[in-house]
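Trainee: I should like to learn how to read individual features of a model. Could we begin with side-chain contacts and then turn to helices?

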Amino acid sequence: MEWFGDSGYWLSRLVFQRALAALYLVAFLAAANQFRALIGERGMLPVPEFVARVPWRQAPSVFQWHYSDRFFAAVAWGGVLLSAAMAAGAGDAVPLWTAMLMWAVLWAVYLSIVNVGQTWYAFGWESLLLEAGFLAVFLGNERTAPPVLLLWLLRWLLFRVEFGAGLIKMRGDHCWRDLTCLYYHHETQPMPSPLSWYFHHLPKPLHRVETAANHVAQLAVPIALFTPQPVASVAALVIVATQLWLVVSGNFAWLNWLTIVLALPAVSGTLAAGLLPLPDPPEFAAPPVWYEALVIAVAALVAVLSYWPARNLLSRTQAMNRSFNALHLVNTYGAFGSINRTRREVVVEGTDEPEVTPETVWRGYEFKGKPGDPRRRPPQVAPYHLRLDWLMWFAGISSAYARPWFLPFAERLLENDRATLKLLRSNPFPAQPPTYVRALVYEYRFTSRRERRETGAWWHRTLVGEFLPPVASARDESRT
């Protein structure tokens, strides 16, 4: 089938696959480093308890058949090694069927983690990584020309990411329509970056320009992905540029980086070769018949499954970041349909005093990414994902988000649980556990330029109220 492959996209495929494997590496590394405290046998939301009540058909995972912390660690670190190999080009050094199997293993293993990760993995970029990884299975390697059908499916995925995000904004908070959302967003986003303070203090007219440009990038530009070259390449590069703006202004795990990676296959290698000193495309052999049949079948499957996200895009009650099947195939995406006007942070504190009095001295726990100490500059975290920090942001919006896991978190702090403390930046009680732990809610705002010069602080905070009253460990309570 002469129409089946297009050698002009060989370089786009190569860069896409290497970059996607690198993001898989980051995802597996985060899972390996954080799982014990979050979903381990003694975690806040243990996997064994989850699989005991949720059947395999609702959450297919290798951990439905067996779970232990040692097994999970082996699976996660195995994912790190395999994704590192794919990022280094292992997929192009083996036969086509072997490369496809390697990509399929990456997808299936990460699916197994996501499907037992519960609220810790309930983020749109998890499904996005899985959907992109599934398509990568069928994209081939250097032994075949990139399949045209898969290139179009990747554009359809990128379109849903961008257009869905644009629609949810226009249908959601009125500040997107009156162009004022960025008056607040840089300050109230889940995890500000080192430059967010400066973005927040840009002139308001420039914030309005930012917002208008975002609407163009998410509602108009994605349509151009389906036009002939070079227009489609220009559209993809515009998306890359706007995503880089988001990369430097906030920490959104690998969402922005993955969107950039998804834009790459839409860039014509022929166009790139005209601008850059690139080698000629390699000579590709004719694809095997079984491979052609498999790609056509996958394209048909995606076409059928696209009914649900397409209907969601057209719905006035559009949902954000929803999967319509347990395999996370052909999902709907979107972000920030509403914008917080104020930022509320849950600050966790402990004391080693034997009883709580008005004079009790409390010392705060510092998190790796989320705001705490007002004098600490927001760090650069992305594309790494600090799952506990993100859920703490949701807890500041409503205690309902934290109800399943916050008390178990406090209990582990009262035990100086090693795995839990690894998720934090600092432990104010290194010698022995605290006797009591509590949590307060503060309203945070970025300091003004004048306050920044005078105090050196990045944040100003005001106490709002109590999130969790002082609690002691069950051991200490039994003694009293």
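Mentor: A polar contact is a pair of N or O atoms within 3.5 Å, in which, within protein, one must be able to donate a hydrogen and the other to accept it. Please bear in mind that this model is predicted. Here the side chains of Thr 180 and Asp 178 are joined by a polar contact of 2.5 Å.

Trainee: Where is Thr 180 found, and is Thr 180 buried or exposed?

Mentor: Thr 180 lies in the loop between helix H7 (174-177) and helix H8 (185-188). Buried means under 20% relative accessible area. Thr 180 has a relative accessible area of 13%, and is therefore buried. Apart from neighbours within four places in sequence, Thr 180 contacts Cys 175 and Arg 208.

Trainee: How should burial be read along a helix, for instance in H17?

Mentor: An α-helix has 3.6 residues a turn, so residues three or four places apart point the same way. In helix H17 (residues 406-414), seven of the nine residues are buried, so H17 is largely enclosed by the rest of the structure. The buried residues are Phe 406, Pro 408, Phe 409, Ala 410, Arg 412, Leu 413 and Leu 414. Just after H17, Asn 416 adopts a positive phi of about 50 degrees.

Trainee: At roughly what angle do the axes of H14 and H15 cross, and which residues make the contact?

Mentor: The axes of helix H14 (residues 289-305) and helix H15 (residues 307-314) cross at roughly 35 degrees and come within 4 Å. H14 contributes Ala 303, Val 304 and Leu 305, while H15 contributes Tyr 307, Trp 308 and Pro 309. By class, this contact comprises six nonpolar residues, with no polar and no charged ones.

How values were computed:
Residues are numbered from 1 along each chain as its sequence is written. This is a predicted model: local features need pLDDT of at least 70, side-chain atom pairs count only at pLDDT 80 or more; totals for chains, interfaces and linings use all residues. Side-chain values use heavy atoms; hydrogens and water are left out. Axes are lines fitted to C-alpha atoms, for helices over the stretch in contact, and angles run from 0 to 180 degrees between N-to-C directions. Helices (H or I, at least four residues) and strands (E, at least two) are DSSP runs, numbered from the N terminus. Contact means heavy atoms within 4.5 Å. Ala, Val, Leu, Ile, Met, Phe, Trp, Tyr, Cys and Pro count as nonpolar, Asp, Glu, Lys and Arg as charged, and the others, Gly among them, as polar. Buried means under 20% relative accessible area, exposed over 50%, partly exposed in between (1.4 Å probe, protein chains only).
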